[in-house]
Amino acid sequence: MPESRQPVNVRSSQPLGQAPCGFRGRVDAIEVPVATTGLPAWEIESRLIELGFVEGAHVEILHEGAFGRDPIAVRVNHATIALRRREAMAIFATADRPA
Amino acid sequence: MSSATASAWHLALVGTPNSGKTALFNALTGSRQKVANYPGVTVERKAGLLQTPAGRSVNLIDLPGTYSLRGRSPDEEITRDVVLGRVASESTPDLLLCVADATNLRLSLRLVIELKRVGRPLVLVLNMFDIAQRRGVRIDLDRLSAELGIPVVTAVAVRRDGTQQLLGRMDEIADSRLGAPGENTWQPPTPADLRAAQREADRIIAVAVSMPAKPDTLTTRADAVLLHPVAGLIILLALLFVMFQAVFSWAQPLMELISSGFAALGLAAHDLLPPGLLQSFIQNGVISGVGSVLVFLPQILILFLFILLLEDLGYMARAAFLMDRIMGSAGLHGRAFIPLLSSFACAIPGIMATRVIDNRRDRLTTILVAPLMTCSARIPVYTLIISAFIPAQHIWGFVSLQGLVMFGLYAAGIASALGVSFLAKHFLWQEHETPPFMLELPDYKLPRPRAIAMGLYTRAKMFLHRAGTTIFSMMVLIWFLASFPRPPEGATDPAINYSLAAMIGHALEPVLAPVGFNWQINVALIPGMAAREVAVAALGTVYAIEGGKEAAEQIGQALANKWSLATALAVLVWYIFAPQCASTLAVIRRETGSWKWMAVTFGYMLALAYAASFITFHVAVALGAG
């Protein structure tokens, strides 16, 4: 139900880096944890946004690699982006409710 | 307002990767284009000329693809600096053409919003408009133009008349107030700026574009197989196997044709000219020098045919996706896979193919290790020595010992390449950050023959022109070393024994004796610099055996009599690592744009070769093979 969405979102939000293949949902936040990668957090954040990961975007994990289920291919609105799960940990999304 | 008509008008193409920008550039300029480098950097500068319907001459430059003007790589910095008019050698563009894939506008619109702040006249070009219409993407052009505040033009780069509307609009814009520059308020965008711009882009898409309910079903279905964790890898390997085979075997007849053609030409020159220096220079220096470069052309063209087809199809990004984890464990980028595989045929096309790797650091690592892959030029040397020294027997009844040694040489090359890239990742690049792997996987598109032909033509021209000049001059130098000074009157030994090459060979004796090399080997190493397989012929010359290909067996016998097994093994191991190819070094110098990386490659390979041969020789001697 749309009216109850906001608070539910915040609680049920999960990092896309941990989501299984086939996960569908909506991005709630891009929050890069400090010092997970070599690049500064704002740089990772900028790159994710440049590839279309912004709050409100619809995401779906389409494919994953053979080793360590990494990297993943994510449908972001109407484009497909490949990235590693490590970077995808910065993308928080809430799963769509089953129709 | 139309004061620009007097001199040429400067236009720049900007766009995200996969926007079809280069296809549009090719369609607009045709063959009237020039590829060079920007001064001081190894970024490719593509410029061309065209004429608008009103007769205005236009200088068009194709800027490297980028998602924003933040300038994260040397390529992207060039795009930023040209757009902002900061490059001294470039005119500030009079008009920016922002190219977007009409089927996938989201990221391009964010770039347009950022570009507007630069204040240069700007037009959005919706490329691949035909595909968008076929897929059911509905774009309200007037609304889009009104929301963005800039003219919007459609184009189909691959169709002959697909750029008419764009050309027509260029004139209109040049004559109107739209062609007047405004104020530049661009600042490097913060994450908040990027976020706001993307939201604005999404808002505009919501009002001006209606996307089909279902995504491109063909791509979805193809990816279900091609990106499948198991099937995808198997298909990739099969594809690479075909590619490897093609580079190896399809090129063979052509390569033989070229080399026998040049041999015949050399003989003709030999017969035509009086014996002496000029004859030797023309035959051995000029003709065989040019021939040894041209002979690589078929392999390069076949390899690039595959690469361009796969790139155009949209598969290359997927190959990188599939290989990322495997290559990543050795410190290599997923995209390094194809260049490294090509290096089994020849390191030259392999190194040229590293252009698909956009990160400079990853590209350099790949270039550094590419020559360690066993190229086809090493095969004659390997087979000669193996057949002379390794008994033709089977172990366990079915494994050929000779084949096993050959396999071992290949495996040693691969293992050392992985080792070197691992070390480079941990030591050479220590102070640099690991770049994250983030890549758009574009929808599949049918490759366009015209674009492929254009790409092949450009590669061939580039290889022949620029590598040709460097490689050729090295060939002449090697000829000089092997020919001067001339043998004295009545000399009985082969001429090369009196040359500078022989002097160097003797001078190197104290250095190379510890690895088991005699001076004859040292002498053969010098013409072997031209191309590794030449070393075989040179050994024949030094041991005064009448030449020709059929002499290979005799050379083998002579070597078996004169070398110890330990020496033979040391030579084999030397050839795994030794930077024994002037052409490869010349290409490294050209592709990296610096002597430094050529020297680094030469130095580390020489050190590896020396150390490995030293160990091999002494272990073999200790085991009684001396």
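# Exercises on a predicted two-chain model

B:A501 is buried, at a relative accessible area of 0%. The model is predicted, and the exercises below treat selected residues and elements of chains A and B.

**Exercise 1.** Determine where B:A501 is placed and which residues it is in contact with, leaving aside its neighbours within four places in sequence.

*Solution.* Step 1: B:A501 belongs to helix 19 of chain B, which covers residues 500-507. Step 2: a residue is buried under 20% relative accessible area, and the 0% of B:A501 therefore places this residue in the buried class. Step 3: with neighbours within four places set aside, the contacts of B:A501 are B:L481, B:A482, B:V523 and B:I526. Step 4: B:V290 is 211 residues from B:A501 in sequence, and their C-alpha atoms are 21 Å apart in space.

**Exercise 2.** Carry out the analysis for B:V209: state its element, its accessibility class and its contacts beyond four places in sequence.

*Solution.* Step 1: B:V209 is part of strand 9 of chain B, residues 209-210. Step 2: its relative accessibility is 10%, so B:V209 counts as buried. Step 3: apart from neighbours within four places in sequence, B:V209 touches B:L105, B:V137, B:R138, B:I139 and B:I204. Step 4: B:V209 and B:L512 are separated by 303 residues in sequence and by 71 Å between C-alpha atoms.

**Exercise 3.** Describe how helix 2 of chain A packs with helix 7 of chain B, and classify their relative direction.

*Solution.* Step 1: two packed helices are described by the angle between their axes and the distance between the axes. Step 2: for helix 2 of chain A (residues 41-50) and helix 7 of chain B (residues 191-208), the angle is about 10° and the axes lie 9 Å apart. Step 3: angles under 35 degrees count as roughly parallel; the two helices are therefore roughly parallel to each other. Step 4: helix 2 of chain A contributes A:W42, A:E45, A:S46, A:I49 and A:E50, which meet B:P191, B:L194, B:R195 and B:Q198 of helix 7 of chain B.

**Exercise 4.** Identify the backbone features at A:R69, at the bond between A:D70 and A:P71, and at B:M128.

*Solution.* Step 1: A:R69 is not a glycine, yet its phi is positive, about 50°. Step 2: A:R69 sits in the loop between strand 3 (58-67) and strand 4 of chain A, and its relative accessibility of 41% makes this residue partly exposed. Step 3: the peptide bond joining A:D70 and A:P71 is cis, with omega about -10°; A:P71 lies in strand 4, residues 70-76 of chain A. Step 4: B:M128, likewise a residue other than glycine, has a positive phi near 55°. Step 5: B:M128 occupies the loop between strand 6 (122-127) and helix 4 (129-134) of chain B, and at 8% relative accessibility this residue counts as buried.

**Exercise 5.** Characterise the overall make-up of chain A.

*Solution.* Step 1: chain A contains three helices and six strands, in the order α-β-β-α-β-β-β-α-β from the N terminus. Step 2: of its 99 residues, 54% are buried. Step 3: among contacts between residues at least 6 apart in sequence, 64% join residues at least 24 apart. Step 4: the exposed area of chain A is about 4500 Å², of which carbon and sulfur atoms supply 57%.

**Exercise 6.** State which residues make the nonpolar surface patch of about 400 Å², and locate B:L623.

*Solution.* Step 1: the patch is made by B:F614, B:I615, B:V619 and B:L623. Step 2: B:L623 falls in the segment after helix 26 (595-622) of chain B. Step 3: the relative accessible area of B:L623 is 71%, and this residue is exposed.

Key:
Residues numbered from 1 in each chain as written. Chains lettered and ligands numbered in written order. Predicted model: local features only at pLDDT ≥ 70, side-chain atom pairs only at ≥ 80, totals over all residues. Heavy atoms only, no water. Patch = residues over 30% accessible without salt bridge, like charges linked within 9 Å, V, L, I, M, F, W, Y side chains within 5 Å. Areas by Shrake-Rupley, 256 points an atom, 1.4 Å probe, with all protein chains shown as cover. Salt bridge = Lys/Arg side-chain N within 4 Å of Asp/Glu carboxyl O. Buried < 20%, exposed > 50% of the residue type's maximum accessible area, 1.4 Å probe, protein only. Axes fitted to C-alpha atoms, helices over the stretch in contact; angles between N-to-C directions. Parallel < 35°, antiparallel > 145°, perpendicular 65-115°, else oblique. Contact = heavy atoms within 4.5 Å.
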